[in-house]
Amino acid sequence: MKKILIVALLLMGTQAMFSQKLMTRNGVIKFDASMPDLVEIAATNNGASCILDKATGDFVALGLVKSFKFKSPLMEEHFNENYMESSKFPKATFKGKILNFNAAQLSSKANYDLEGELTIHGVTKKIKTKIALVEKAGRVSASSNFTVKCKDYNIEIPSLVKEKFAENIKIWVDFDLGEK
Amino acid sequence: MKKSTWTLLIVLALAVVGIMSYRCVMYGGARNVSEEKPEFTISSKTIAAEFIADTPGANLKYLEKTVAVSGTVVQTEGQVIILEHDIVCVMKEPNTTIEPNQKVTIKGRLVGYDDLMGEIKLDQCTAL
């Protein structure tokens with residue numbers, strides 16, 4: 001009886017190890033499309049979700065487009081209605097993998113290669129970037145930054161305002177991942 | 001007064017009006033969801049079922065709309081209140097009064113369906 005119990009406990013233990021998913025629903029995504037010395041075109045989303053599978057290094061994230069907050073409500077309206085068409089394409093997603101991921105090495109901060117598919121405005125493109133990971137008290141902080149081009153995602157900027165937009169839009173992401 | 005003083009005053013006045021109208025256009029006109037009448041009043045169970053069954057259809061129906069969702073609170077965390085059936089409400093003000101297991105109706109703007117977490121998100125929420 002005792003043996004069975006021990007075996008059962010061990011099995012449960014390995015189960016837990018294999019389903020170690022860390023997640024957040026308060027992730028931060030920021031972007032900045034401003035040109036130097038011109039109007040600031042920047043927004044922040046504080047409610048992005050992200051899941052990291054510690055067993056495989058699978059990394060997925062999702063941000064709802066309507067959650068991006070601008071300083072200017074007018075800019076926010078244009079962003080949603082004219083550029084991102086957020087009623088048609090309500091979310092931006094990333095689905096990928098952290099290469100050479102090893103959960104045992106998380107205690108010291110390190111940069112990893114992150115590869116995957118980024119979907120914005122209904123267009124999916126492969127991207128490659130770096131992601132910094134570090135574990136502290138059972139939580140993993142994951143942060144990365146990369147740039148995207150509007151034209152890659154079929155986001156049209158009218159020529160009248162084109163010079164106000166940077167061609168390469170900077171994006172920063174920050175996720176504090178923990179068990180649910 | 002001299003003519004040049006007058007010109008200067010007029011230019012200044014025009015500049016002030018210009019700056020004020022620019023600020024009004026750029027920073028005014030924010031929506032105040034808490035003062036809007038909800039377009040839909042619905043239980044957390046029903047709205048969750050609608051989003052799970054047909055996400056694009058539910059998006060068309062609810063996105064950006066002011067909705068009042070009723071249900072039992074399962075978790076509170078800072079400015080966030082989570083109702084049963086995974087309705088995540090970001091409150092307008094930090095929450096101090098609402099606690100788990102309480103039955104509430106929350107009014108807010110429907111931001112979208114997060115299919116990664118299986119959650120419906122609302123922001124600018126107030127408790128009714």
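This passage walks through the predicted model, taking chain A, the contact between chains, and chain B in turn.

The structure is a prediction, so local features are given at pLDDT of at least 70 and side-chain atom pairs at pLDDT 80 or more, while totals for chains, interfaces and linings use all residues. Residues are numbered from 1 along each chain as its sequence is written, and chains are lettered from A and ligands numbered from 1 in the order in which they are written.

In chain A, eight strands (DSSP runs of E, at least two residues, numbered from the N terminus) form a closed barrel in the order β1-β2-β3-β4-β5-β6-β7-β8, with antiparallel pairing. From one strand to the next, the twist averages 25°, with axes fitted as lines to C-alpha atoms and angles running from 0 to 180 degrees between N-to-C directions. Within the barrel, β2(A) and β3(A) pair in the antiparallel sense through four bridges; two strands pair if DSSP finds at least two bridges between them. One such bridge matches A:Leu52 with A:Phe59 in β3(A).

The contact between the chains draws 15 residues from chain A and 18 residues from chain B; two residues are in contact if their C-beta atoms, placed from the backbone, lie within 7 Å. On the chain A side, two or more residues each come from β2 (42–53), β3 (58–64) and α2 (73–83), where a helix is a DSSP run of H or I with at least four residues.

Chain B has two domains, domain 1 (1–30) and domain 2 (33–127), with bounds from an automatic or database domain assignment. Their centres, taken over C-alpha atoms, are 43 Å apart.

Strand β2 (residues 66–77) of chain B has several partners. It runs parallel to β1 (residues 40–43) of chain B, joined by four bridges, and B:Ile42 is the bridge partner of B:Val69. With β5 (residues 103–114) of chain B, β2(B) pairs antiparallel over seven bridges, and B:Gly71 stands opposite B:Val104. Four bridges also link β2(B) to the antiparallel β3 (residues 80–83), including one between B:Val73 and B:Leu83. These two strands form a hairpin with two residues between them, and B:Gly78 in the turn has a positive phi of about 60°.

What does B:Cys89 contact beyond its neighbours within four places in sequence? Its contacts there are B:Val80, B:Ile81, B:Leu83, B:Ile106, B:Gly108, B:Leu122 and B:Cys125.
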